[in-house]
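Grab the viewer and work through a few short exercises with me. Try each task yourself before you read its solution.

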Protein chains: 2
Amino acid sequence: MTDAPMTAPASTATAGEVLARYLTEQAGNFLRALPQAVGEAGARPGALPSLNSPVGGGGTVELLRAVRRIGGALHTYGSVFEPLWAQESRAELRWLLNLLAQEPAYLRRSARLLSALDSLSAVAPAGEAGGPGMLAGHQGAPKARALLDRQLTLARTRAHSTVLQELRSARLHALADRMTLLVGETPLVEPARGRAGEVLLPQAAGAFGALDSAVQALPLRRASAAYQGDALHRLGGAGAGPQVPQQSRPAPAAAAGMDADSALAADDAPWHRVRILLKRARYALEVCGRPGGELAELDRVLDRHQEAADAAVTAATAARTPRITPATAYVLGVVHADQRLEVEAARFAFGGLWPDLPPSLVDGWEGPRAQRMG
Amino acid sequence: MTDAPMTAPASTATAGEVLARYLTEQAGNFLRALPQAVGEAGARPGALPSLNSPVGGGGTVELLRAVRRIGGALHTYGSVFEPLWAQESRAELRWLLNLLAQEPAYLRRSARLLSALDSLSAVAPAGEAGGPGMLAGHQGAPKARALLDRQLTLARTRAHSTVLQELRSARLHALADRMTLLVGETPLVEPARGRAGEVLLPQAAGAFGALDSAVQALPLRRASAAYQGDALHRLGGAGAGPQVPQQSRPAPAAAAGMDADSALAADDAPWHRVRILLKRARYALEVCGRPGGELAELDRVLDRHQEAADAAVTAATAARTPRITPATAYVLGVVHADQRLEVEAARFAFGGLWPDLPPSLVDGWEGPRAQRMG
């Protein structure tokens, strides 16, 4: 799936024209994908048949794409929309995003954790790449696998039931009506009459400024040296910037008394915040018709960061299941550490990619380029 | 502690003169350090008072230094010594090395594992570096710490008793007599009359050739990219060179039925072998009076590799202790994975240092420099 080609805003176009064109296209995508997504959800009776058939197929994927983009545009270019309408629309889009994203997230987490376990347990056949793993022959590995599989299947089934229920709700119908309105009739206010370049670029630059500030606060210098163990241990602390509260993070099903999860969550929170700001900046660029391939790559890295962090929480949570054997718990400890290593690898990858962001992506934003890496 | 300054072999000196001078000096170090080491061992009643006072202090350290260097010279320059004498001497030096190295190794392993656990469990005081760790507040952490501490203290105490016993043995006295003979009366054979440059350099080059071949067989390209997870999982396999049998590795106290340890041991073995060959090459250079600072750095990296690999085995072994709680086992799994990450980090560091070996270190060795990295 490639990004739809965007046309650069003609120098004579107004901000309203550029935004209306973008939102008309995205709302059209939303309305085309919605019945498909509903059909896909209905065709899946409960849990999913296999890890190889991605949840929701084309319809759900397209719907999520449109939801993210419309929400991003409404946020970044907020000053040109009727405020109450934009605020309500964003809230409803966020609700649909959270609803639809859960089931695929559980599926990806299953695939991630079970394949990590298989890799850790692998015994290489002669002459084949990917040799003996850290848990090869460990008696706890099959039990840990079965436990994770059972817990994630249960969570996925629950998420699926919720989706099935809400896809028939009045709330979704109301949101679809909003999107229908958006096609051709975007509720704009006065600033939308200004020239696109003058109105939109400063707001896009604002999105980049927010992203840049959040990245500056990351312990990027430590992340840029391999094996500094930031994500595994030696977290946060002095010089790593202020701790961002854990506002934008889905709450893990954490048992009480496990400070470890919350300590890691506090360490991960600034990275998860950057992920959201990066998506916003990426969609802000799209509206202005600029290619954002570099941002798409960073976006993927931070998605990986988020998924590994969530998978680590799942492993830690599974280890608190009553009556498991020490061998099972040991394997879950290894899996947890392995996922935290993936978190660290994603930070390392981010630290390597971020400084290469071409200045052309951020021109219009006034911050001096030379200071970007701090 | 810096290496003793070595004088370059004068162009007119014979191989025998150069070797005799080197061995006289090292045997003198041996004989001076021996009574000190015996006194230090006797002064320690059983287990050691604290992690901050390194086992054996100056005497044991100096004795180990001399033992390694004499053994290395006898091996690398074997053709100039009386063969039976050299063979017996090397066997006795190896015995003393294994005897003396164990207790400090257990002490270092305690320090490594307990500080890793403390780091993983750390809750950062405000404004202090090294923040909340992965196991902060985890109920299993104190139990896992106590278990590792207990098991390693026991192993160390046993090693200490063996040292105390053997330091009074006839075997040690006989070895001391051999070293006394070496001072001034090295048992040389015919080739020792040749010029030092003509006799010694080809043999030193042989030691480098063996090192180079062993390094070529390492999966260095994978180790040179961070986070490829070689040591953690995805081990060995096609293209990683032939598996070296686990000959030069101290057998871990592994319980039966744990293939994981042996799978990792097979993966680690070529690296442990390189460590030994690297020490030999380093001491061979010393004999020729060449500085080997770069080799000393690589040597330290591979020592770290070995120690992390052994510590990982200790964590895995501790997890098999009967009647531990799942929480304790979980923490030991995390600690195991953390040590395997250290193994991987050491490989990464080695992969970064090896190609920078200056050609001047290996001139005299005929292998083409351009092919060294494979």
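Below are some ground rules, then the exercises with their solutions.

This is a predicted model, where local features need pLDDT of at least 70, side-chain atom pairs count only at pLDDT 80 or more, and totals for chains, interfaces and linings use all residues. Residues are numbered from 1 along each chain as its sequence is written, chains are lettered from A and ligands numbered from 1 in the order in which they are written, and side-chain values use heavy atoms, with hydrogens and water left out.

**Exercise 1.** Find E92(B) and work out whether it is buried or exposed.

Solution. Start with the address: E92(B) sits in helix 3 of chain B, residues 83–121. Helices here are DSSP runs of H or I with at least four residues, numbered from the N terminus. Next, look at the relative accessible area: E92(B) has 18%, so it is buried. The cut-offs are under 20% for buried, over 50% for exposed and partly exposed in between, using a 1.4 Å probe and protein chains only. Finally, check the neighbours: leaving out residues up to four places away in sequence, E92(B) touches R171(B) and L175(B). Touching, or contact, means heavy atoms within 4.5 Å.

**Exercise 2.** Stay in helix 3 of chain B and describe the surroundings of L120(B).

Solution. First, L120(B) is buried, with a relative accessible area of 0%. Then measure across to V335(B): the two C-alpha atoms are separated by 8.3 Å, although the residues are 215 apart along the chain.

**Exercise 3.** Which parts of chain B does the salt bridge between R108(B) and E307(B) tie together?

Solution. Recall the idea: side chains of opposite charge can pair when their charged atoms come close. A salt bridge here needs a side-chain nitrogen of Lys or Arg within 4 Å of a carboxyl oxygen of Asp or Glu. In this pair, the closest N and O atoms are 2.7 Å apart. R108(B) is in helix 3 and E307(B) in helix 9 (residues 293–318), so the bridge joins parts 199 residues apart in sequence. R108(B) is partly exposed at 43%, and E307(B) is partly exposed at 23%.

**Exercise 4.** Do the same for R347(B) and D268(B).

Solution. Their closest N and O atoms are 2.7 Å apart, making a salt bridge. R347(B) lies in helix 10 (residues 326–353) and D268(B) in helix 8 (residues 259–287), so parts 79 residues apart in sequence are tied together. Both residues are buried.

Technical notes:
Helix = DSSP H or I, 4+ residues; strand = E, 2+ residues; numbered from the N terminus.
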